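User: I want to go through the ligand site and a few local features, with the criterion behind each term. Please set each value against its definition.

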Amino acid sequence: MEAYRDILQKHGFAFKKAFGQNFLGDSNLLDAIVKDAGVGRDTTVLEIGTGAGALTRALSKAAKRVLSYEIDGTLAPVLSETLAGCENTEVVFGDFLKADLKAIEEDLGEYTVCANLPYYVTTPVLLRFVEEAKKCRSVTVMVQEEVAARFSARENTPAYGAVTAAIAHRGTCRTVRKVPRTLFFPRPNVDSAVVRIDFTGGFSVKSERAFRETVKLAFLSRRKTLENNVINALHVSRERAKELLSLAGVGEGVRGETLSPARLGEFSDVLFGEGFFRT
Ligand code: SAM
């Protein structure tokens, strides 16, 4: 098959920066990402962002079935050529963020996500799997290097944030591969990394909503103490805020970003137990 770049050119395809269109073509890298994701003959894969179909094709060769979402309909003629013969693969043209994940899961059963994510929607796409998915076993995605650092950051570091806590609650995250910007076309201004999140381990909380709201509250104003953020977010007196923190065993003057994801989980259980975030 001709190189992906040539096929795109032949079809007069115009790259759209707004859709985060930085494509891959290096077959060694593509096969390595498929391996990183642990895709095998019995794996059903969900991909977000088909692009010219380079990763899709590599996934199709290894997997049982591939379902791939692509927002840009002008890629249709390109994909008819690049995915010719990939009988186990279906491309749906539409915005994945608006897709019905419950219906997708009913169709797919257990599945693995593997994607070179469009950078402008990395976090919302990832949070869909972390917060909503029921049948997703793992997520292996290419993201900007600095975003990869955020996903698995330790507490009390600048990279630590709400998304780190959300991921840690559901599983474990590690960076499996660094990818230089030179391997993309067009070439982006940043380097990338492949991260893999496995939905095993993590920790349980009494209420998912209370956990989400507590994490939001903890990072409301990073420089402020957790006590001040509690007062501002929950509209309680300083005395009540002190009481809530002491019920969770959190000392005075502590900032939210110093608490590990599991400690944030414990604090959310206290808040939930005290009647917050119930409606
Ligand atoms: N998988 C291809 C590759 O590795 O060469 C393309 C990756 S490119 C970084 C991201 C792709 O996601 C683009 O083709 C873009 O049009 C598509 N995309 C952007 N936003 C999307 C969305 N909300 N839903 C589905 N696809 C989207």
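Analyst: What follows takes the ligand site, then an aromatic pair, then two backbone features. This is a predicted model in which local features need pLDDT of at least 70 and side-chain atom pairs count only at pLDDT 80 or more, while totals for chains, interfaces and linings use all residues. Residues are numbered from 1 along each chain as its sequence is written, and side-chain values use heavy atoms, with hydrogens and water left out.

User: What makes the pair between E70 and the ligand a polar contact?

Analyst: A polar contact is a pair of N or O atoms within 3.5 Å. An N or O atom in the side chain of E70 is 2.6 Å from an oxygen atom of the ligand, so the pair meets the definition. The side chain of N116 has an N or O atom 2.9 Å from a ligand oxygen, and a polar side-chain atom of Y120 lies 2.9 Å from a ligand nitrogen.

User: How much of the ligand's accessible area does the protein cover?

Analyst: On its own the ligand has 600 Å² of accessible area, of which the protein covers 99%; the areas come from the Shrake-Rupley method with a 1.4 Å probe.

User: Which elements give two or more residues to the shell around the ligand?

Analyst: They are β1 (23–24) and β3 (65–70); strands are DSSP runs of E, at least two residues long, numbered from the N terminus.

User: Why is the pair of F23 and F185 called edge-to-face?

Analyst: The structure holds 10 aromatic pairs. Rings pair if their centres lie within 6.5 Å, and planes over 60 degrees apart count as edge-to-face. The centres of F23 and F185 are 6.1 Å apart and their planes stand at 85°, so the pair is edge-to-face. F23 lies in β1 and F185 in β8 (residues 184–185), so the pair ties together parts 162 residues apart in sequence.

User: Which backbone features remain?

Analyst: The peptide bond from F185 to P186 is cis, with omega near -15°. P186 is in the loop between β8 and β9 (192–198). N156 has a positive phi of about 65° although it is not a glycine.

Definitions and conventions
Polar contact = N/O pair within 3.5 Å; in protein donor to acceptor, adjacent residues only side chain to side chain. Helix = DSSP H or I, 4+ residues; strand = E, 2+ residues; numbered from the N terminus. Phe/Tyr/Trp six-rings, centres within 6.5 Å; stacked < 30°, edge-to-face > 60°.
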